[in-house]
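Here is my note on the model you sent round. Please read it with the viewer open.

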Amino acid sequence: AGLDKLTSLVNGLSLNSVTEKYPQAHPEINPLDLYRAHLSNVLAGISGVDTQIIYPAINWTTGLDKGDFVLAVPALRIKGQKPDALATKWAEEFPADDALFDKPTTSGPFMSFFLKGGPLSNSLIPLIRNLGEEYGRNRFNGMRDPKDPSQGKKRIIVEFSSPNVAKPFHAGHLRSTIIGSFLANLYEGSGWEVVRMNYLGDWGKQYGLLALAYEKYGNEEALQKDPINHLFNLYVQINAEMTAEKESIEAQKKEGKDVTELEAQCLDEQARRYFKRMTDREEDVLQQWQIFRDLSIARYKETYARLNIAFDKYSGESQVSEDAMAKIAVEMEMKDISRVDNGATLVDFTKLLPGKEGKRLGVTVIRKKDGTALYLTRDICELLARYETYKFDHMIYVVASAQDLHLKQLFEIVKQLGYKDIADRCQHINFGLVLGMSTRKGTVKFLDDILRDCADHMHETMKKNQEKYAQVENPVATADILGISSVMVQDMSGKRINNYTFNMEAMTSFEGDTGPYLQYAHSRLCSIKRRANLTDEDLLSADLSLLTEQHATNVVRMLSQWPDTVQNTLKTLEPTTVLTYLFKMSHAVSSSYDHLQVVGSEKELMKARMALYDAARIVLANGMKLLGLTPLERM
Ligand code: ARG
């Protein structure tokens, strides 16, 4: 639907001819590809440059005022001629009666191209309304062979969130959750098979300590009711006890007392022994541990659901087998990657890698003197096991930049082991800190607390406008979604690597580029549709050539950029690429309201404008869902 209106305007521009000539073009999901193809054809005719050189040199612009496309003439690498002069010459020769483009403008060596509003509205609005949720998705990107769908999809593992059981869910986990879920959605929408994986911190001596705490003070009922809080409280309590005990032993030591007996019986030693039983896979202790883990996961799932996240796999440090780790230790020694030093096993990167890189990676322990494996050891085995199981084409670790070194060491060891092809498929997506994240009830403990606090704050903000508040059907549920949107949009506003300051006041505001603003923009579009009360038939039969105003053209031009924006996001892997687009687009829509009234206009005009706003609503909803937000229809 829609595209025939474009192809019929230009001689020889059939969909088949375009996709044959430009294999990277997919006009049926991205109409701008058709425009690029046409532009390449025309410019090739004028300049004599090959279409295959021109097509990839046609870039998007930073703003509508700079055109829809820009061509930097020097990018064509024409020898012996001045780019400025060529740009001017080609612009003059560009046909004045082109069906799709106005005559180009130039600035130095740059040529700017503006799409004609009429044909674009006529083709794009029906296409968007027809594709619906699919508009912006690109099933070709994830295909093993874009020409042969039967070859199947590429597979990606996105590992994200990965909190530690019985410990606080901190800002690093929050960011990993938000960014990771977005990346998973992005790849899924681009035709990849996505495995969403959560790698829990659920293993180590401290979990032996936790199990001890449960034996001493645990409460079955409290555990069932709120496992995350109960385990956390136990953990805090036993840790305090252990610290006090250590201090007391130290003090007695100083006084010259014999503390051998005390040390053999202390909590730390008990925890070590308990954890040893866990790693020995003793039935009863493992069963107990399984209960903690299962209950915690059940609770995590509820919270993730509020963020529209469902993991395909809950992996975790506890799932790495001791056998695999013993095996890899032998392999590393045999391949001279590690050496034993004073009973512990080390990897010395300064010996493995010459120069700076080796220095940067330093020396790290793989196995402690007492034989226990470490975080890094587990990650090595886990990575290889994931490859065995999933044969992934790509794997992304969404982890704070505080662990840059850890992941570099991980990938390097896997490479040194001889699995370069696997290491090359792995990527660390990092991010900066959140500063000053605390709730009014103190420092943040759990994801639920963060979300609840934002929802509460949002609820108060909403109450400030009593008139509007009275009209909201379900204020609590609405505040909840708005609160979540606030946190997420604030997190995704800047580049991932930047730190930002958690600012409850700013992020819950309806003004500025915030989550509530986006939600407001969406629900306003929904409200216009409700009030216009037109049928689908009405919208289908709308005469879109009535959309002559510059404001209408600008909105359609913005809407045409959505598939390109998603493609670009696959390169940047930055949520802000999507967010920046959505704000620009929403601003174009909101500044058009005064000029393009729907309700109150004459019927035909009403139909055409409603079709335009309906397309805008679809694009905004698609973008919000890609980010992981739940678009509100009323608020
Ligand atoms: N649980 C870890 C932490 O809280 C994050 C895990 C990151 N993923 C990994 N494969 N190491 O720091």
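The numbered points below go from the overall layout to the ligand site and then to single residues.

1. **Status and overall layout.** This is a predicted model. The protein has 635 residues, and 54% of them count as buried. Its secondary structure comprises 29 helices and 16 strands. Along the principal axes, the C-alpha atoms fill a box of roughly 100 × 65 × 45 Å.

2. **Domains.** Four domains are assigned. Domain 1 covers 3-115 and domain 4 covers 510-635. Domain 2 comes in two pieces, 157-203 and 281-429, with domain 3 (204-280) lying between those pieces in sequence. The centres of domain 1 and domain 3, taken over C-alpha atoms, are 70 Å apart.

3. **Ligand shell.** Which residues surround the ligand? They are E159, S162, N164, H173, Y199, Y375, D379, Y397, V399, Q403 and H406. By class, this shell holds 4 nonpolar, 5 polar and 2 charged residues.

4. **Ligand polar contacts.** Three distances deserve a look before any docking comparison. The side chain of N164 places an N or O atom 2.7 Å from a nitrogen atom of the ligand. The side chain of D379 also has an N or O atom 2.7 Å from a ligand nitrogen. Q403 puts a polar side-chain atom 2.9 Å from an oxygen atom of the ligand. On its own the ligand has 350 Å² of accessible area, and the protein covers 91% of that.

5. **Strand β5 and the loop after it.** I157 sits in strand β5. Its relative accessibility is 0%, so I157 counts as buried. Between β5 (155-159) and α7 (171-189) runs a loop that contains P163. S161 is in the loop between β5 and α7 too. P163 is at 1% relative accessibility and therefore counts as buried. S161, at 2%, is buried as well.

6. **Two positive phi values.** Where should backbone geometry be checked? S161 is not a glycine, yet its phi is positive, near 75°. N533, also not a glycine, has a positive phi of about 55°. N533 lies in the loop between α24 (515-532) and α25 (536-540). Is N533 buried or exposed? It is exposed, because its relative accessible area is 63%, and the cut-off for that class is over 50%. S161, by contrast, is buried at 2%.

7. **Helix α20.** This helix takes in residues 447-463. Does its length fit the expected rise, or depart from it? At 1.5 Å a residue, its 17 residues should span 24 Å. The end C-alpha atoms are 25 Å apart, which agrees. α20 is also mostly covered, with 13 of its 17 residues buried.

8. **N622 and its backbone partner.** N622 belongs to helix α29 (residues 603-627). Its relative accessibility is 10%, so N622 counts as buried; the cut-off is under 20%. What does the side chain of N622 reach? It reaches the backbone oxygen of Y135, at 3.0 Å.

9. **Strand β9 and helix α28.** V347 is in strand β9 (residues 344-348). With 0% relative accessibility, V347 counts as buried. S590 is in helix α28 (residues 575-590). S590 is partly exposed, because its relative accessible area is 36%, and that class lies between the 20% and 50% cut-offs.

10. **Sequence separation against distance in space.** These pairs are handy for orientation in the viewer. P163 and E574 are 411 residues apart along the chain, with 22 Å between their C-alpha atoms. For I157 and S592, the gap is 435 residues in sequence and 42 Å from C-alpha to C-alpha. V347 and N554 stand 207 residues apart along the chain, and their C-alpha atoms are separated by 59 Å. S590 and T7 are 583 residues apart along the chain, with a C-alpha separation of 31 Å.

Notes: Residues numbered from 1 in each chain as written. Predicted model: local features only at pLDDT ≥ 70, side-chain atom pairs only at ≥ 80, totals over all residues. Heavy atoms only, no water. Domains from an automatic or database assignment. Helix = DSSP H or I, 4+ residues; strand = E, 2+ residues; numbered from the N terminus. Expected span 1.5 Å × (residues − 1). Buried < 20%, exposed > 50% of the residue type's maximum accessible area, 1.4 Å probe, protein only. Near = heavy atom within 4 Å. Polar contact = N/O pair within 3.5 Å; in protein donor to acceptor, adjacent residues only side chain to side chain. Areas by Shrake-Rupley, 256 points an atom, 1.4 Å probe, with all protein chains shown as cover. Nonpolar A, V, L, I, M, F, W, Y, C, P; charged D, E, K, R; others polar.
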